[in-house]
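Thanks for coming, everyone. I'll keep this quick. Please have a look at the chain on the screen.

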Amino acid sequence: MRKIPIYSHPAAGWPALISSTQKLMDYKTFLRGSISVFKSNQPQGGFDCPGCAWPDHKSHKAIDVCENGIKVIASETMTNKADAQFFARHTVTELQRWSGYELEHSGRLSEPMYYDAAQDRYVPIPWENAYRIIAEQLGQLDSPHEALFYTSGRVTNEPAFLFQLFVRCFGTNNLPDCSNMCHEPTSVMLGRQLGIGKATVKLEDFEQAKLILMFGQNPATNHPRMLEMLAHSHEQGCRIISINPMREQGLSKFRNPQKPTHMAAGQSDDMVDEVIQIQIGGDAALLTGIAKWLIENDKINHDFIATHTSGFEPIKQWLAEQSWADIELGCGILKSEIIGLAKLVGDSPATICTWGMGITQHVQGDDNVAMITNLLLLMGMIGIDGAGASPVRGHSNVQGDRTMGIHERPSKSLLDSLERVFEHPMPQEHGYDVVTGAKALIAGKLKVFMGMGGNYAVAAPDTTAIEQALTTTQLNIFVGTKLNETMLYPGANNLILPCLGRTERIVTTKGEQFATIEDSMCQIVPTQGTLKPVSDTLKSEAQIVADIATHVLGADSSIPWLAMSEDFDVIRDYIGQAINGFEDFNQRIRTTERGFHLYHAARHRVWNTESGKAQFEVPQYPITFVAAQMAAANDIDDHADTAQKVWQLTSVRSHDQFNTMIFGFKDRYRQTDRRDVLFMHPDEISRLGWQKGDRVMVSRQRADDSLEQPRILGPLVLTEMDIASNAVAAYYPECNDLFDLDTHAPDSHIPAYKSTTIVLERVEASTAEPA
């Protein structure tokens, strides 16, 4: 398949600066937002960017934020308000018809609101009255397990700790969070194989790596701060390989806005040396081929395997049983190319494997992470400088929230620790995650939903079904900074509780407070907003949780909720007692500019696993799983009239969005300014006899349930992309109704956003002349 250069310019550079400036102006926050840009990720008196979780470098810069971060800051620092006057002008029924872009730009939530069904509008409600409704409704439940408490990764450590403590004191572990939808296979499999579900690398390891394998990542769009480190690694002699069905145009060269010579002279740094363009869902097959060749050619680290691992013989036997024909079929890459990549791995003294949601969001997502870890273990690449596992989290504190106890399947040690510190019994039964929680909501088993940030219905599969299920509850509570779709499907009682943003000052009777976050590489850093809040009625998330806990659990609670919300040092003292690794928390967070690194046992080759050693894992799915899926779908499909009836669809994010937040419609690297598109390689478009601009309907029907009503999306505008054969892509979250809650990885339950089998039908030909 021919390669197509679509975006020929370097990533970042002047277009990034222009786009960032335009977003500050679009949100009417040029001055307020610009002040925050200079405070973002600063070690003294600054706040941690509410965007991605990429770590701060040890070197200090006057401006240390990327284009995507500036867009998130612009969104949060806008002064237009979605207040009582706004809701008086718009009914909820009207707002349900608004796009995500329109809701995002409606303004900051600025006062507590209650849904009045008679008016079909949100109306103002005093904070105290809102708390009384919450206490009354929670008190009427037959069981605490009838309530679901969701958390977004934007919540900082201190309120996250309070939130999980409140929910558990209330009596349930129903604590799903956004990690269930992004990196859950990472947490599950790294935890099982290495003893801890987090990155084993530090940022400095990228400076010493000799080979970096990037799986399923598009940092130019989703975490641009990574580009600078990739360019630096490449300059140091590191070879960088991108393994992705899409040849992302922002990964070839990087024009660093921090370098005046780059900007003035049009210079740029190289990054990726080669792109391995596998088919969608082919990662485990490719890794199988690499591992198979390394073992057969004795290129593995026998000493490390013998000393530090368990389960080598079963994985060796399984690899020996895999045929090269199946490996090629499974990943779409020739044996000769796989061997070439295997030789690079075998010759590298220091290899980092880094991955994003292109690895995790598959039915076989657990297998993908297991095979990456298996490869690192075969080569002894855990616990040495310049090497290791580097999952890149998508939200600024999603990892920290987990560390603080936001988890539906808590460890016994965490529950025992909480009981010891707070002298309060903790629920032992595992709770609902995002998938099982959504299914319980749809089934009518839940009467209360509470979201600490996030856009639950839109982020999860089966969006429409979840939205309708929310209208059947007794109470929905939304704590957030911006209006979103999930808030617009009210139950019997519906509350919006507005909170302070990351960029705003938190001032209590005890003075100005700071919070903390944990980045993708286990660094704990302080974050302190500096802006005057957009409204005097806003409360911090910690205060909202403490107020709710006081009203629900009773004033005689032995836990000092209000004292903790007034003084975050008190929260950190409790965290230091209850959470491993946070001893002397208050002292340690104040003694260094960039915070402190949590002890990572596997980084020191200490394995907190069942066997006491690092564990090889045999995949659960056959490496030809995707090919078999497509074959099965072909068998049941009888209405496609093209040479290839079935396609694999993956969801992607644009350059003008962050998670479900839609900043605009311009996807610079993919050269489109609309979101209702279907990406396909131009060779495939020509093969079908179609052309760019045609309108296409996308439909999906599961091969294991032919009675299910087809899921249909479209019409979408056919658009060119350098993507693997047999593959198409559409924007998330618009394509979420094509995915369902039953199609997920077996252990982590992550939905298969990145791989589903679909059928295409052209419904309208383009009026443009063929190229």
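In which strand is Pro 715 found? Pro 715 sits in strand β29, which covers residues 711-720. I start there for its backbone. The peptide bond from Gly 714 to Pro 715 is cis, and omega is near 5 degrees. One caution before I go on: this is a predicted model.

There is another cis bond to look at. The peptide bond that runs from Tyr 732 to Pro 733 is cis, again with omega near 5 degrees. Where is Pro 733 found? Pro 733 is in a loop, between β30 (727-731) and β31 (756-764).

Now the whole chain. The count is 30 helices and 31 strands. Is it as compact as a globular protein of that length? The radius of gyration is 25 Å, and the globule rule gives 28 Å for 771 residues; those values are close, so the chain is as compact as a globular protein of that length. Along the principal axes, the C-alpha atoms fill a box of roughly 70 × 65 × 60 Å.

Burial next. Of the 771 residues, 64% are buried. Then contacts. Take those with a separation of 6 or more: 78% of them join residues 24 or more positions apart. The chain exposes about 27,000 Å², and carbon and sulfur atoms supply 50% of that area.

Charges, briefly. There are 68 positive side chains and 94 negative ones. How far apart do the centres of the two sets lie? They lie 4 Å apart.

On to the inside. Nonpolar side chains tend to be buried together in soluble globular proteins. Here, the largest nonpolar core has 66 residues. Which of them touch the most other members? They are Phe 149, Phe 161, Phe 163, Phe 166, Leu 497 and Trp 561. Helix α8, residues 157-170, gives this core its largest share, nine residues.

Let me pick out Leu 497. Set aside its neighbours within four places in sequence. Leu 497 is then in contact with residues including Pro 112, Trp 127, Ala 130 and Ile 134. Its partners also include Ile 477, Phe 478, Val 479 and Gly 480. Ile 544 and Ile 548 are in contact with Leu 497 too. Apart from this core lies another, with 58 residues. Among them are Ile 276, Leu 375, Ala 602 and Ala 614.

Back to the backbone, for positive phi. Asp 462 has phi near 55 degrees, and it is not a glycine. Asp 462 lies in the loop between α23 (456-459) and α24 (463-470). Buried or partly exposed? Asp 462 has 13% relative accessibility, so it counts as buried; the cut-off for buried is under 20%.

Compare Asn 726. Its phi is near 70 degrees, again positive in a residue other than glycine. Asn 726 lies in the loop between β29 and β30. At 24% relative accessibility, Asn 726 counts as partly exposed.

Asn 41 also has a positive phi, about 60 degrees, just after α2. Helix α2 itself covers residues 30-39. Which of its residues are buried? Arg 32, Gly 33, Ser 34, Ser 36 and Val 37 are.

Last stop, Glu 102. Helix α6, residues 100-104, holds it. Glu 102 has 38% relative accessibility, so it counts as partly exposed. Gly 69 is 33 residues away from Glu 102 along the chain, and their C-alpha atoms are separated by 20 Å. That's my tour.

How values were computed: Residues are numbered from 1 along each chain as its sequence is written. This is a predicted model: local features need pLDDT of at least 70, side-chain atom pairs count only at pLDDT 80 or more; totals for chains, interfaces and linings use all residues. Side-chain values use heavy atoms; hydrogens and water are left out. Helices (H or I, at least four residues) and strands (E, at least two) are DSSP runs, numbered from the N terminus. The radius of gyration is taken over C-alpha atoms; the globule rule is 2.2 Å times the number of residues to the power 0.38. Buried means under 20% relative accessible area, exposed over 50%, partly exposed in between (1.4 Å probe, protein chains only). Contact means heavy atoms within 4.5 Å. Accessible areas come from the Shrake-Rupley method with a 1.4 Å probe; for residues, only the protein chains shown count as cover. Lys and Arg count as positive and Asp and Glu as negative; His and the chain ends are not counted. The place of a charge is taken as NZ of Lys, CZ of Arg, CG of Asp or CD of Glu. A nonpolar core is a set of buried Ala, Val, Leu, Ile, Met, Phe, Trp, Tyr and Cys residues joined through side-chain atoms within 4.5 Å.
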